[in-house]
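Welcome, and please bring your viewer to the front. We will go from stop to stop, selecting residues as we go.

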Amino acid sequence: MSGSRGTGPDVLMRPARDPAGWTAGEMAATQDWLHPLTDRERAEVHDAVEAVMARDLDFLAIDRDAFPLPELGPKLAEIRAELLWGRGIVLFRGLDVDLADRHRAAVAFWGIAMHLGDEVLSQNAKGHVLGHVRDIGQTRRNVLQRGPYSREAMPYHTDCCDLAGLYCLHPARRGGESTVISSVAVYNELLERRPDLVEALSRPIYRDRRGEVPPGMDEWYAIPVFNVHEGWFSATIEPTYIGSAERFPEVPRKSDLQREAIAEVQRICEAQHFSMGFRPGDIQFINSHVTFHTRSAYDDHPEPERKRHLFRIWLKCFDGRPLPHWFYDRHGPRGAVDRPGGIVGAETVPSAPLEAA
C-alpha cells in the first residue's frame, strides 16, 4: 500500500498521513500492538475484580475509581492515547478465563475498558452495554437482525463507537477468525488506483437502521464512508446496512460508482488484512474510525458451554478524533449529541446481561 506515515493534517482526496495508516506487513514485523499481561498486572485485575464482587456493584457503577489498577492503569492511559491518536489497535494477552464464573470474567473486561474509554454505549435497541458475539440462530439476511448473533461470514465493517473491545471467552470449533485492516491504508490504496471511487465514497451513502430507530428519527440515515474533519481522517462502512437501505422507497438509490467502490473496498480488505489470532483470554480494542474489521464464517461446537463466545463493549471517548456532522446527525438534532456513538430505540434501558439474548 502507498501513503507516507506522518501526523496530518489530512485533506480529502489527498493521501492520508495518519499514524493509523499501517499495513499488514508492518504489523507482522513488530509486536508493538501486543501487550502480554505480566503476573503483577493479572494480580491487580484479579484484586480489582474481587473488590467489585465484594461490594456487589452493578456494572454501570464500575468506573476507573471502582477498579483501581496501580501498575497497569498508567500503562492503559498510554495505550488509550495510542488507540485514539496512534496505531488504533491493541491486543492484551494472558488474562485468565474462568468459564465457570462468567460474572468475574465480565467484570475484568469491563474494568479494563473503563481505563480506556469515558462512557459505555448501548450496542442495540435493547440497551445492552455488555454485548455478546455468539450464534443464537439469527441471520443478517433478515433486515431486522444482525451479524454478531449468527455464525455467517461478515463483510468488513465498522462499529458505532470510538473504541470497540472484544474479549475471547471461547473460540469456534472451526473458522470464526477475526481480521482487521487500517481504513487509512484502504483509503490510500484506493486513492492511488481509483480516485473516482474515493470521490464516490466521500459523498453521503444511505444506511438502514434495521429496526433500531431512535425516537423522532427516520429508519435510515446518510453518512460518507471516507471523511476528513479538522485535518483528521475517519471512515465508516457497513455493507449490510448499506445493502438493505434501498428497501425504503424514500431512500435515494446508490450510484453505479458507489456500488463498485463498496465492492472494491471489500476486495482490498480481503487481500491485505491482518490476523492477530484470537485465543481464550485475549482482549482486542480497535479505534472504529481508522479500522475495518470482520470475522469469517464458522462451525461451532455442539456443546453449549463450548460454543464460540466473545464479550463486546463499545466506548465513547470525549477526547477522540474530530468527527464531521454526519456522525452526530445519525443520533439526533445538531447540538443535542455530546459525542456520537451507540444504538438506541424508543424504549432502550441500559443493561449488562451475562448471557446472549
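**Stop 1: the largest cavity**

Select strand 5 (163-170), strand 13 (283-287), strand 14 (291-295) and strand 16 (309-316): each of these strands gives at least two residues to the lining of the largest cavity. The model is a predicted one, in which local features need pLDDT of at least 70, side-chain atom pairs count only at pLDDT 80 or more, and totals for chains, interfaces and linings use all residues. Residues are numbered from 1 along each chain as its sequence is written, and side-chain values use heavy atoms, with hydrogens and water left out.

A word on terms before you zoom in. Helices (H or I, at least four residues) and strands (E, at least two) are DSSP runs, numbered from the N terminus. On a 1 Å grid over the protein atoms alone, a cavity is a set of points where a 1.4 Å probe fits but cannot get out, while a pocket is an open set with protein on both sides within 12 Å along at least five of seven lines; lining residues have an atom within 4 Å of a point. A volume is the space filled by probe spheres set on the points, with grid points joined across faces, edges and corners.

How many cavities of 30 Å³ or more does the structure hold? There are three. The largest cavity has a volume of about 210 Å³. Its lining has 17 residues, and those closest to the centre are Val 133, His 157, Leu 166, His 293 and Arg 312. Colour the lining by class and you should get seven nonpolar, six polar and four charged residues. Here Ala, Val, Leu, Ile, Met, Phe, Trp, Tyr, Cys and Pro count as nonpolar, Asp, Glu, Lys and Arg as charged, and the others, Gly among them, as polar.

**Stop 2: the second largest cavity**

Now select Cys 160, Cys 161, His 289, Phe 327 and Arg 330, which lie nearest the centre of the second largest cavity among its 16 lining residues. This cavity has a volume of about 140 Å³. Its lining is made up of eight nonpolar, six polar and two charged residues.

**Stop 3: the second largest pocket**

Next, show His 46, Val 49, Asp 96, Arg 104 and Ala 108. Of the 13 residues lining the second largest pocket, these lie nearest its centre. The pocket holds about 260 Å³ of space. Helix 2 (39-55) and helix 4 (102-114) each supply at least two lining residues. Which helix gives the largest share of the lining? Helix 2 does, with five residues. By class, the pocket lining has six nonpolar, one polar and six charged residues.

**Stop 4: along helix 2**

Stay with helix 2 and look at it from end to end. Its 17 residues reach 25 Å from first C-alpha to last, close to the 24 Å expected at 1.5 Å a residue (the expected span is 1.5 Å times one less than the number of residues).

Select Glu 41, Glu 44, Val 45, Ala 48, Val 49 and Val 52, which are buried. Buried means under 20% relative accessible area, exposed over 50%, and partly exposed in between (1.4 Å probe, protein chains only). These buried residues are on the same side of helix 2, because they cover an arc of only 135° around the axis (taken from the directions from the helix axis to the C-beta atoms). They pack against strand 1 (34-36), helix 3 (72-85) and helix 4, with contact meaning heavy atoms within 4.5 Å. Turn to the face away from the buried side to find the exposed residues Asp 39 and Ala 54.

**Stop 5: helix 3**

Select Leu 72, Gly 73, Leu 76, Ile 79, Arg 80, Leu 83 and Leu 84, the buried residues of helix 3. They share one side of helix 3, since their arc around the axis is only 130°. Their packing partners are strand 1, helix 2, strand 2 (89-93), helix 4, strand 5 and strand 13.

**Stop 6: two positive phi angles**

Most residues other than glycine have a negative phi. Asp 56 is not a glycine, yet its phi is positive, about 55°. You will find Asp 56 in the loop between helix 2 and helix 3. Is Asp 56 buried or exposed? At 66% relative accessibility, Asp 56 counts as exposed.

Arg 210, also not a glycine, has a positive phi of about 55°. Look for Arg 210 in the loop between strand 8 (205-208) and strand 9 (220-223). Arg 210 is buried, with a relative accessible area of 3%.

For a last selection, click Ser 244 in helix 7 (residues 239-244). Leaving aside neighbours within four places in sequence, Ser 244 is in contact with Val 143, Asp 208 and Arg 210. Ser 244 counts as buried, at 11% relative accessibility.
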